[in-house]
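Hello,

Here is the structure I promised to pass on. Please open it first, then read my notes below.

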Amino acid sequence: MCQFDTPSFTYYTHLPIFLVATLVGFFILKQNKKNPVNINFFIVVLIFCLWSINDLFQWVVMDTQTNLMLSRLSIFECFASLFYLYFILSFTGKNVGVKLKILLALPFLPIIIFAFSRYNISFDSPVACNPRFGWLYFYMYALLVIYGIFSAITLISSYRKKDNNENNRRQILIIILAMAFLIIWSIAILKLTDLSIKYLNDDQISQLMPLGILIFIVIITYAITKYKLFNTKLIAAQALVAALVILISSQFFYIQNPTNIVLNGITLAATLGFGYMLVRSVKLEVQRKEELQKLTDQLAIANDKLRQLDKAKSEFISIASHQLRTPLTSIKGFGSLLLEGTYGEVPEAQRNALEKIYISNERLIQLVEDLLNVSRIEAGRMEFDFQEAQIEDLIDEAVATLELSAKAKNLYLHWEKPAVLSPKIKIDITKIKEVISNMIDNAIKYTQKGGITVRLERNTVWDTDRKEHKEFVRVKVCDTGIGMDPEEIQMIFEKFQRGKQVSHYHTEGTGL
């Protein structure tokens, strides 16, 4: 019989970690039982849990033969590297078929065949405490290293793919960092254990190995959380409650005083109650966030579709407008020639019809030009030609052009030209002239009685950025027409928007 010295904190480094890892594993599987990412990672966690319990039993069991059996069983921990590789391949979007799985599993066949033979672990005699390691034991570590390298190469190659989005790259980077941490942790624990045995004759540091593996599992869990398969907050809350319950329950094995037993029982009951409420509240919060995220994603998709439709509509308008402008220009040209008598004298009745055609064609040309301008503005292709000009000259021209329209409706059109001309300003003459003409023309269209007054005001404004006063001019078009409500003013600069009552006075407007 070989006597084993069980470190006192072995239970704390194995049992709580085993229970927390088990909880994490089953929670992972519960989220999506059909997804290979969940299934393979669950198996990895399950193998770790079994290894953790097996390692604990090896410290607790006193019988040499039983301990030998448990030591030989620990060799199956290498299967974690196989299922971890399956997990990595699934996570990175690789197609893992049955043939590939069998091919990757074949090297593990000797482990199954020779696990319980002297090629694995053996003792020199039934009472010996020093194990002898066979070639199979080192073969297991070789598989761990090879499959670990294969997993790392798969992750790095997937991370370097150009078609991978930023979110996936972050997830992969987290898994790479988790692997690096596990490797560093394992090497550090092994080296520290060797030094502790050599100088202190104590190997208790080796009991910290499960803690590093649990941290590795938690980091991977966080990475997969970004993959939206399960939620870290809920896992953390459940793991915290489980760990507290286990730690408090373990005190019953050491407490001797009846009063302390009662107090510990009350603490355990309170922990269970508050833990249940904590997990429930976190679960509700997670569900609300998931629902909100779904709605946000749906809204984003809808907005993208709307933008695509708006772009397609603008492109259609632009193309259609270009196609319409050519025949309309031809109609205008030939109509003008007919009215001028180039093709012979036109009778008065026909002239009236031609004039109506000409005026309607002019309206169509203006509408097409407006549509083209809208498409240019939305596409950011509006061109400007800035030149120095006298703003009064532009107003003179606009008033002179529209004076006849005002007289036709018995309206006055007053232009209160200032006695002192304003300085020349740098503007796009054509577009500013169009703006002024549109303002005066709209005033005439929607005024039934009275008239329109055009004024030019000069003033100064304080420029907060440059810390100086700046001069500006304002063109004011005042009319005695129907006016607009404050609500209408907020929307008149949106395309195809018009006032509520304007259709009664001018039916041909487009809101452009």
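E457 is partly exposed, at 30% relative accessibility. Its salt-bridge partner is K476, with N and O 3.4 Å apart. K476 is also partly exposed, with a relative accessible area of 30%. Before going on: this is a predicted model.

Where do K476 and E457 lie? K476 is in strand β7, residues 468-479. E457 is in strand β6, residues 451-463. The two residues are 19 apart in sequence, so their salt bridge ties together separate parts of the chain.

Now look at E471 and R458. Their side chains also meet in a salt bridge, at 3.3 Å from N to O. Here too the link runs between strands: E471 sits in β7 and R458 in β6, 13 residues apart. E471 counts as exposed, at 59% relative accessibility. R458 is partly exposed, at 40%. There is a network as well: E457, R474 and K476 are joined by salt bridges that share partners.

How many salt bridges does a search of the whole structure find? It finds nine. One of them pairs D304 with R307, where the closest N and O atoms are 2.4 Å apart. Both residues belong to helix α11, residues 258-340. They are three residues apart, which means that about one helical turn separates them. D304 is partly exposed, at 35% relative accessibility. R307 is exposed, with a relative accessible area of 54%.

Next, the inside of the model. The largest nonpolar core has 33 residues. Which of them touch the most other members? They are F41, F48, Y84, F87, I175, I217 and I220. Five helices each supply at least two residues of this core:

- α1, residues 10-31
- α2, residues 36-60
- α4, residues 79-91
- α8, residues 166-200
- α9, residues 209-225

A second core lies apart from this one. That other core has 21 residues, including F79, L104, L136 and Y137.

Go back to F41 for a moment. Leaving out residues up to four places away in sequence, F41 touches I28, F87, I217, I220, T221 and I224. Take I224 from that list. I224 is in helix α9. Is I224 buried or exposed? I224 has 0% relative accessibility, so it counts as buried. Along the chain, I224 and F41 are 183 residues apart. In space, their C-alpha atoms are separated by 9.9 Å.

Last, the empty space. A search of the whole structure finds one cavity of 30 Å³ or more. About 30 Å³ of space lies in the largest cavity. Which residues line the largest cavity? The lining is made of A21, T22, G25, F26, F42, V45, L46 and C49. Helices α1 and α2 each supply at least two residues of that lining. By type, the lining has six nonpolar residues, two polar and no charged.

To find your way around, try this order. Start at the pair K476 and E457, which form a salt bridge. Move to D304 and R307 in helix α11. Then go to F41, one of the core residues with the most contacts to other members. Finish at the cavity, with F42 among the residues that line it.

Best wishes

How values were computed: Residues numbered from 1 in each chain as written. Predicted model: local features only at pLDDT ≥ 70, side-chain atom pairs only at ≥ 80, totals over all residues. Heavy atoms only, no water. Core = buried A, V, L, I, M, F, W, Y, C linked by side-chain atoms within 4.5 Å. Buried < 20%, exposed > 50% of the residue type's maximum accessible area, 1.4 Å probe, protein only. Helix = DSSP H or I, 4+ residues; strand = E, 2+ residues; numbered from the N terminus. Contact = heavy atoms within 4.5 Å. 1 Å grid on protein atoms, 1.4 Å probe; cavity = no way out; pocket = protein on both sides within 12 Å on 5 of 7 lines; lining within 4 Å. Points joined across faces, edges and corners; volume = space filled by probe spheres on them. Nonpolar A, V, L, I, M, F, W, Y, C, P; charged D, E, K, R; others polar. Salt bridge = Lys/Arg side-chain N within 4 Å of Asp/Glu carboxyl O.
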